[in-house]
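Student: I have a model open and would like to learn how to read it. Could you walk me through it, one feature at a time?

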Amino acid sequence: MEIGISIALILSSCLMVLFVLLHKGKGGGLSDLFGGGFSSSFGGSSVVERNLDRLTIITGVIWFVCIIALGLMLKP
């Protein structure tokens with residue numbers, strides 16, 4: 001059980017880094033590489049940005065749950 005949660009924590013951590021880097025900031029971001037800058041120049045947030053926001057939030061929740069679960073399991 002510990003190993004499974006640890007693997008989920010590592011995977012969710014890597015995904016969080018990826019998703020945060022894909023977000024478009026003030027000066028652009030890695031999302032411009034995949035066409036995010038073109039669609040966001042028309043104003044408003046695109047469907048891709050909204051889905052990226054949702055994926056980031058879901059991954060953050062999974063990451064948080066893994067941290068809490070490991071903390072409870074490793075508690076003496």
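Student: Let's start with helix packing. At what angle do the axes of helix α1 and α3 cross?

Tutor: Happy to help, and keep in mind that this is a predicted model. For a pair of helices, look at how close the axes come and at the angle between them. Here the axes of α1 (residues 2–22) and α3 come within 9 Å and cross at roughly 150 degrees. Angles over 145 degrees count as roughly antiparallel, so α1 is roughly antiparallel to α3.

Student: And is the crossing of α1 and α3 left-handed or right-handed?

Tutor: Handedness is a separate thing to read from the angle. In this model, α1 passes α3 in a left-handed crossing.

Student: Which residues could I use to look at that pair of helices in space?

Tutor: A handy approach is to pick two residues and put their sequence separation beside their C-alpha distance. Try I7, which sits in helix α1: I7 and C66 are 59 residues apart in sequence, with 9.5 Å between their C-alpha atoms. Another pair is I62 and S13, where 49 residues along the chain go with a C-alpha separation of 9.4 Å. I62 belongs to helix α3.

Student: Are I7 and I62 buried or exposed?

Tutor: Neither label fits, because the range between 20% and 50% relative accessible area counts as partly exposed. I7 has 47% and is therefore partly exposed, and I62, at 43%, is also partly exposed.

Student: What about V48, how accessible is that one?

Tutor: V48 is in helix α3 too, and its relative accessibility of 60% is over the 50% cut-off, so V48 counts as exposed. As for its distance to H23, the two are 25 residues apart in sequence and 10.0 Å apart in space, C-alpha to C-alpha.

Student: Now the surface. Which residues form a nonpolar patch?

Tutor: For a patch, look for neighbouring nonpolar side chains that remain accessible. Here W63, F64, I67, I68 and L72 form one on the surface, and together they have about 490 Å² of accessible area. Take W63 as an example: W63 is found in helix α3, which spans residues 47–73, and W63 is partly exposed at a relative accessible area of 35%.

Student: Finally, how many helices and strands does the protein have?

Tutor: For an overall view, list the elements in order and then check burial. The protein has three helices and zero strands, running α-α-α from the N terminus on. Of its 76 residues, 20% are buried.

How values were computed. Residues are numbered from 1 along each chain as its sequence is written. This is a predicted model: local features need pLDDT of at least 70, side-chain atom pairs count only at pLDDT 80 or more; totals for chains, interfaces and linings use all residues. Side-chain values use heavy atoms; hydrogens and water are left out. Patches are made of residues with over 30% relative accessible area and no salt bridge: like charges are joined within 9 Å, nonpolar side chains (Val, Leu, Ile, Met, Phe, Trp, Tyr) within 5 Å. Accessible areas come from the Shrake-Rupley method with a 1.4 Å probe; for residues, only the protein chains shown count as cover. A salt bridge is a side-chain nitrogen of Lys or Arg within 4 Å of a carboxyl oxygen of Asp or Glu. Helices (H or I, at least four residues) and strands (E, at least two) are DSSP runs, numbered from the N terminus. Buried means under 20% relative accessible area, exposed over 50%, partly exposed in between (1.4 Å probe, protein chains only). Axes are lines fitted to C-alpha atoms, for helices over the stretch in contact, and angles run from 0 to 180 degrees between N-to-C directions. Angles under 35 degrees count as roughly parallel, over 145 as roughly antiparallel, 65 to 115 as roughly perpendicular and the rest as oblique. A crossing is left-handed if the near helix is turned anticlockwise from the far one by less than a right angle, and right-handed if clockwise.
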